[in-house]
Amino acid sequence: MKVRARNPKQAWLEDFESGPVRDDGIETSTISGIPLQPLYTKDDAPRREEELPGQFPYTRGIHPSGYRGRLWTMRQFSGFATAEETNRRYKYLLANGQTGLSVAFDMPTLMGQDSDAPTSRGEVGHCGVAIDSLADMETLFEGIPLGDITTSMTINSPAAILLCMYIAVAEKQGVAAAKLGGTLQNDILKEFIAQKEFIFPPAPSMRLVVDSIEYCAKEVPKWNTISISGYHIREAGSTAAQELAFTLADGMAYVDACLERGMHIDDFASRLSFFFDAHIDFFEEIAKFRAARRIWARWMRERYGAQQERSWKLRFHTQTAGVSLTAQQPELNIARTAIEALAAVLGGTQSLHTNAMDEVLALPTDRAARIALRTQQLLAYETGAANTIDPLGGSYFMEALTDEMERQAEAYFKRIDEIGGVIPAIEAGFFQREIADAAFRYQKELEDKRRIVVGVNDFTVDEEEPIEILRIDPRLESQQSERVREVRRKRDGARATNALNQLRKAAAGNDNLMPYILDAVRAYATEGEIMQAMIEVFGTYTEKAVV
Amino acid sequence: MRALARAISMVEGRDPAVRELEDELRKDGRTPGVAGFTGAPGTGKSTLVDAVIAHLRKKGSSVAVLATDPNSPFTGGAILGDRIRMQRHALDDKVFIRSMGARGHLGGLSLATREAIRLLGGFGFDQVILETVGVGQSELEVAAVADTTVVVLTPNLGDSVQMIKAGILEIADIFVVNKADLDGYARVVAELRTMMNMAPKHGWRPPIIPTVASRQEGVDRLWDAVLQHRRHLEASGLARELTERRLRDETAEVAAELARERARRALEEDPGLAERLLSDGTPYRTAEEILDRKG
Amino acid sequence: MPGTAVKPVRIVVAKVGLDGHDRGVKVVARALRDAGYEVIYTGLRQTPEMVVDAALQEDAQVIGLSIHSGAHMTLFPAVVDELQRRKATDIVVFGGGIIPDDDIAALKKRGVAEIFTPGTPLQEIVDWLRKRFPDRS
């Protein structure tokens with residue numbers, strides 16, 4: 001009797017369908033809602049030209065040598081309380097093997113306010129370092145040679161001011177601006193969309209960003225002028241596809257603005273950088289990073305006509321997802337962070353920040369910060385993850401998922417175009433609504449236990465062990481307030497006032513504001529004073545909330 | 001101020017105890033001018049109202065704003081977010097901002113809004129602004145209550161004027177094209193003019209006012225138009241006519257509300273009545289019977 | 001029930017201080033709306049004075065605050081104090097955000113009714129409100 005041979009795939013499908021099925025009600029789609037097949041085979045992976053690292057469209061990486069050539073930069077975001085304490089933490093991290101600095105500023109600094117302003121009450125030094133003037137910046141980098149390291153500064157509305165302060169500190173160290181390397185976040189569009197640290201309305205905000213890009217193209221050519229961010233969009237609740245699409249759309253909006261200013265694409269494009277989230281749904285994140293490179297390369301070459309290869313290559317920094325961390329059983333966060341970091345590495349990130357386990361509760365203690373850094377070192381040196389370039393390339397699943405990410409992103413670009421572009425979409429509340437809807441959907445899934453967060457809605461413990469958390473000394477606020485008042489007293493008042501007046505005049509005109517801000521900074525005008533001068537010309541922005 | 005806020009809550013909750021307060025206030029009888037602002041989402045209505053408030057405050061008038069949002073009809077809850085755009089008046093005690101949900105009322109807002117307006121007048125506010133998102137029947141309700149109805153449009157709302165619901169052009173006393181600095185402004189104005197030519201309004205030709213609310217531009221012209229419209233209502237006698245009509249309408253509405261309550265109560269309290277209704281299936285006869293009964 | 005007069009509990013929900021992380025407050029606002037409350041969202045960058053003033057104008061029974069910036073030990077008590085100054089201590093204050101457990105006890109002593117930390121199911125917040133305001137909505 002002849003046994004009819006089953007086609008192997010058919011056979012597998014039949015066996016799968018007649019086999020056991022978990023009945024725990026847990027979603028089998030990605031955390032972003034992309035449905036996943038139980039299995040991917042070569043039928044799911046598209047037939048395409050072979051992709052190789054360092055070759056357009058760079059899906060497999062922008063460098064032909066990957067991490068064999070150079071490891072990613074271990075760049076831990078850090079900053080708290082005073083410039084002195086932060087300076088100490090930086091020296092500690094550099095001594096422990098961190099390879100680049102990343103500055104976290106406190107809320108008043110992020111919002112362009114001095115520590116002694118009434119609205120800074122209760123906020124000084126809590127989520128980053130307080131910087132009110134050049135004096136604080138000098139303390140922050142005391143003993144750290146700016147010509148030898150790179151520094152990333154996470155700041156947006158007042159970004160131009162902080163960059164000028166950095167340049168001024170380097171001046172005093174005898175380091176020319178042309179030698180300075182680092183990154184300025186400076187991504188105002190995502191503030192309107194997600195993080196909400198905007199001050200001025202969209203148009204003057206964009207002007208400042210373009211001013212800084214234009215200035216750096218000439219004077220600080222090694223500086224990454226902007227870190228176009230998806231992290232905050234994701235943390236606000238978006239899906240991975242939304243993070244990808246909205247970030248790249250923002251990128252294109254900045255490119256358009258620079259081109260409108262009259263710059264040539266190849267003069268600035270290679271200094272645009274990106275910043276993504278590494279969330280807990282492992283494979284989706286890797287696909288997202290790969291799709292990002294592919295999409296950006298195509299758009300830069302084909303739509304914007306950039307001629308130079310370096311303009312096509314998307315470089316990005318990644319931070320593991322703060323929003324995935326739990327206050328319950330916080331040691332689990334070490335495991336979560338490790339997995340998320342691995343996704344970033346397998347996705348080919350250029351630099352990486354790993355969260356500390358206690359960050360749901362407060363800024364990290366020394367110990368927690370060290371564990372976070374060691375996690376990266378473990379990945380780099382113990383796991384073999386850095387030995388092969390784009391190791392998941394060619395996986396049927398990974399290629400199918402990368403294509404799906406790309407498809408979803410392109411669909412969003414079309415919708416944004418239909419609304420008229422990024423800024424009209426912001427004003428129409430488009431992004432905010434998508435994000436709020438996704439956040440609510442996810443929360444519902446958690447409440448229905450269709451998704452599990454260990455320790456939170458399942459696998460809980462009755463008694464949580466207390467862990468030591470970092471406390472900011474409440475006296476700090478008054479100390480810092482006194483410091484800034486002292487700076488105002490001791491400086492050359494006429495020089496500062498004059499510089500601010502010049503800035504105000506220039507803001508009302510069309511000049512690039514960077515030189516004026518630099519002058520004000522050198523004169524020890526405070527951040528709040530510089531912002532206020534610009535607010536008088538630009539006004540402030542109130543969002544229409546989309547809940 | 002808290003007394004006023006509580007009184008408005010009582011009005012929203014249709015609490016009859018508030019009537020006593022209203023009688024008290026009627027003695028000093030101030031009638032504030034009422035301007036209604038309506039328009040589709042995205043027209044910058046709230047920003048415009050914010051700019052109008054600023055304008056009025058500069059002139060020394062006190063202003064109350066009633067901002068209405070449709071309620072969720074199933075759960076009765078609502079998210080009311082209009083006051084966000086009026087932040088700069090946050091601590092000015094001559095500005096009172098109140099968010100009102102429609103609470104699934106049949107006939108929506110009008111009864112509560114009318115009473116609230118009288119309360120606001122009684123508490124001394126010179127001007128009242130009604131603001132509502134243009135969904136459902138809300139524009140008609142605003143027009144029924146406001147002396148002057150301002151319809152807000154913007155140049156970039158898809159196919160703008162064509163898309164506007166039927167009826168809105170009839171209720172508008174003033175058209176505002178906000179975000180007038182955007183492309184498409186001229187087209188919107190042209191379309192509006194065409195529509196208006198096809199449907200003339202008695203004696204008053206609604207002006208079209210360009211504004212850029214975010215820059216406080218055009219707002220003084222807008223308010224001048226509002227005042228001009230009020231003068232027109234007085235001069236033409238329409239003001240008195242409308243006031244009378246409104247009082248009659250309101251009375252009829254209140255009667256309807258009372259009758260509704262009475263009917264519900266009757267059906268609940270009189271099981272015989274309810275039984276008969278269910279077995280005969282005669283809502284009209286049953287209703288008449290209820291109304292014929294005393295008290 | 002449509003058509004009958006309802007007096008739902010009114011809740012002013014706000015972010016006080018400079019922090020702009022509004023994901024949580026928006027999710028909570030939706031959940032409260034779905035549970036039948038009237039939620040007045042006053043948005044970002046509110047001062048304690050603005051929040052209390054809004055609560056008074058809106059005749060709200062509850063104020064909900066969300067703070068992620070570490071400034072909670074200053075800002076929550078400031079709201080409680082402002083309620084006292086405006087003679088409105090009947091208004092219930094609750095909140096959420098990045099608030100360590102040790103601070104919760106201190107905040108409660110200062111007059112905050114409840115703090116819901118990250119990971120709290122939305123239903124818990126709704127249940128707590130229902131227990132506090134049993135006759136309404």
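Me: How do you know that chain C and chain A are in contact, and how many residues does each of them give?

Reply: Contact means that heavy atoms lie within 4.5 Å, and by that rule the contact takes 34 residues from chain C and 39 residues from chain A. This is a predicted model, in which local features need pLDDT of at least 70 and side-chain atom pairs count only at pLDDT 80 or more, while totals for chains, interfaces and linings use all residues. Side-chain values use heavy atoms, with hydrogens and water left out, residues are numbered from 1 along each chain as its sequence is written, and chains are lettered from A and ligands numbered from 1 in the order in which they are written.

Me: What area do chain C and chain A bury between them, and what is meant by that?

Reply: Buried area is the accessible area (1.4 Å probe) that two parts lose on being put together, summed over both, and for chain C and chain A it comes to about 2,900 Å², 56% of it on carbon and sulfur atoms. On the side of chain C, the three residues C:Leu18, C:Arg23 and C:Arg30 supply 28% of the area buried against chain A, more than any other three residues.

Me: What makes the pair of C:Arg30 and A:Asp437 a salt bridge?

Reply: A salt bridge is a side-chain nitrogen of Lys or Arg within 4 Å of a carboxyl oxygen of Asp or Glu. The side chains of C:Arg30 and A:Asp437 meet with N and O 2.6 Å apart, so the pair satisfies that rule. This pair crosses between chains, from helix H1 of chain C to helix H18 (residues 430-447) of chain A, where helices (H or I, at least four residues) and strands (E, at least two) are DSSP runs numbered from the N terminus.

Me: Which of the words buried, partly exposed and exposed belongs to each partner, C:Arg30 and A:Asp437, and why?

Reply: Buried means under 20% relative accessible area, exposed over 50%, and partly exposed in between (1.4 Å probe, protein chains only). C:Arg30 has 11% relative accessibility and therefore counts as buried, whereas A:Asp437, at 31%, counts as partly exposed.

Me: How many residue pairs are in polar contact across the interface of chain C and chain A, and what qualifies a pair?

Reply: A polar contact is a pair of N or O atoms within 3.5 Å; within protein, one must be able to donate a hydrogen and the other to accept it, and residues adjacent in sequence count only if both atoms are side-chain atoms. Across the interface of chain C and chain A the rule finds 11 such residue pairs, both residues being at pLDDT 80 or more.

Me: How do you know that chain B also meets chain C, and what joins them?

Reply: By the contact rule, 32 residues of chain B and 34 residues of chain C take part, and the interface of these two chains has 5 salt bridges. One of the bridging pairs is C:Asp59 with B:Arg6, where N and O are 3.9 Å apart, so this value too falls within the limit. In another, the side chains of C:Glu58 and B:Arg83 meet at 2.5 Å, N to O. C:Glu58 lies in the loop between H2 and strand E3 (62-67) of chain C and B:Arg83 in the loop between E3 and E4 of chain B, so the pair joins two chains, and both residues are buried.

Me: Why is E3(B) said to pair with strand E2 (residues 38-46) of chain C?

Reply: Two strands pair if DSSP finds at least two bridges between them. E3(B) and E2(C) have 3 bridges, in the parallel sense, and therefore meet this rule. Within the pairing, B:Ala78 stands opposite C:Glu38.

Me: What makes the pair of A:Asp403 and A:Arg294 a salt bridge, and where do its partners lie?

Reply: The closest N and O atoms of A:Asp403 and A:Arg294 are 2.8 Å apart, so the salt-bridge rule is satisfied. A:Asp403 lies in helix H16 (residues 396-419) and A:Arg294 in helix H12 (residues 282-303) of chain A, so the pair ties together parts that are 109 residues apart in sequence. A:Asp403 counts as buried at 11% relative accessibility, and A:Arg294 counts as buried at 2%.

Me: Which word fits A:Ser29, buried or exposed, and what does its side chain meet?

Reply: A:Ser29 has a relative accessible area of 13% and so is buried, and it is placed in the loop between helix H1 (8-17) and helix H2 (66-69) of chain A. Its side chain makes polar contacts with the side chain of A:Glu27 at 3.2 Å and with the side chain of A:Arg451 at 2.9 Å.
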